[in-house]
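Visitor: I would like a close look at a single part of this model, the helix in the middle of the chain. Please take me through it slowly, with the numbers attached.

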Amino acid sequence: MNLALIAMILALLIPMYEAWQDENIWQKMLAFSSIATKTSIMILVVSVLRDDWMLGVTGIIILSVGNAGLMLLAQVLKRINEL
């Protein structure tokens, strides 16, 4: 299972590199959304391994609410660009 977590961390580095490299705001937001999703999945895997329900609930909240906040920010940026 440690190898699976290491593979997840390595997969997390790919969107971080993409966000650092690209200047387009939409590509950065997409990369940050991917980072949030992968991080919450990693939290869920760790919570299952540790049999810790509170950590699992935290992962679910991050998975559901984190991306919703990012979508709201995308809509705000879209409205600002239209003005």
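Guide: A residue is called buried here when its relative accessible area is under 20% and exposed when that area is over 50%, with partly exposed for what falls in between. The model is a predicted one, and every value below is computed from it.

The part to look at is α2, which covers residues 25-50. α2 has 26 residues, and the distance from its first C-alpha to its last is 37 Å, close to the 38 Å expected at 1.5 Å a residue. Its buried residues are Met29, Ala31, Ile35, Ser40, Met42, Ile43, Leu44 and Ser47, and they pack against two partners, α1 and α3. It is convenient to take these partners in turn.

The partner that precedes α2 is α1, formed by residues 2-21, whose 20 residues reach 29 Å from first C-alpha to last, close to the expected 28 Å. The buried residues of α1 are Leu5, Leu12, Pro15 and Ala19. These residues occupy an arc of only 80 degrees around the axis, which means that they are on the same side of α1. What covers them includes α2, whereas on the other side of α1 the residues Leu3, Leu10, Ile14 and Trp20 are exposed. Leu3 can serve as an example of that other side: it is placed in α1, and it counts as exposed because its relative accessible area is 70%. Between the C-alpha atoms of Leu3 and Ala31 the distance in space is 24 Å, for a separation of 28 residues in sequence.

For the geometry of the pair, a general convention helps: two packed helices are described by the angle between their axes and the distance between the axes. The axes of α1 and α2 come within 8 Å and cross at roughly 165 degrees. Since angles over 145 degrees count as roughly antiparallel, α1 is roughly antiparallel to α2. The crossing in which α1 passes α2 is left-handed. On the α1 side of this contact are Leu5, Met8, Ile9, Ala11, Leu12, Pro15, Met16 and Ala19, and the residues they meet in α2 include Lys28, Ala31, Phe32, Ile35, Met42, Val45, Val46 and Leu49.

One place in this contact can be followed atom by atom through Leu5 and Val46. Leu5 lies in α1 and counts as buried because its relative accessibility is 18%. Apart from neighbours within four places in sequence, Leu5 is in contact with Met42, Val45, Val46 and Leu49. Val46, found in α2, counts as partly exposed because its relative accessibility is 26%. The C-alpha atoms of Leu5 and Val46 are separated by 8.4 Å, although the two residues are 41 residues apart along the chain. Val46 and Met8, which are 38 residues apart in sequence, have their C-alpha atoms 11 Å apart in space. With neighbours within four places again left aside, the contacts of Val46 are Leu5 and Leu55.

That second contact, Leu55, leads to the other partner, α3, which covers residues 53-82. The 30 residues of α3 should span 44 Å at 1.5 Å a residue, and its end C-alpha atoms are 44 Å apart, so the two values agree. Within α3, the buried residues are Gly56, Gly59, Asn67, Leu70 and Ala74, and they pack against α2. On the α2 side, Ser47, which is placed in that helix, counts as buried because its relative accessibility is 7%. Ser47 touches Asp52, Leu55 and Gly56, when residues up to four places away in sequence are not counted.

What remains is the end of α2, which is followed by Asp51. Asp51 lies in the loop between α2 and α3, and it counts as exposed because its relative accessibility is 60%. Its backbone deserves a note, which starts from a general point: most residues other than glycine have a negative phi. The phi of Asp51, by contrast, is positive, near 55 degrees, in a residue other than glycine.

Methods: Residues are numbered from 1 along each chain as its sequence is written. This is a predicted model: local features need pLDDT of at least 70, side-chain atom pairs count only at pLDDT 80 or more; totals for chains, interfaces and linings use all residues. Side-chain values use heavy atoms; hydrogens and water are left out. Helices (H or I, at least four residues) and strands (E, at least two) are DSSP runs, numbered from the N terminus. The expected span of a helix is 1.5 Å times one less than its number of residues. Buried means under 20% relative accessible area, exposed over 50%, partly exposed in between (1.4 Å probe, protein chains only). The arc is that of the directions from the helix axis to the C-beta atoms. Contact means heavy atoms within 4.5 Å. Axes are lines fitted to C-alpha atoms, for helices over the stretch in contact, and angles run from 0 to 180 degrees between N-to-C directions. Angles under 35 degrees count as roughly parallel, over 145 as roughly antiparallel, 65 to 115 as roughly perpendicular and the rest as oblique. A crossing is left-handed if the near helix is turned anticlockwise from the far one by less than a right angle, and right-handed if clockwise.
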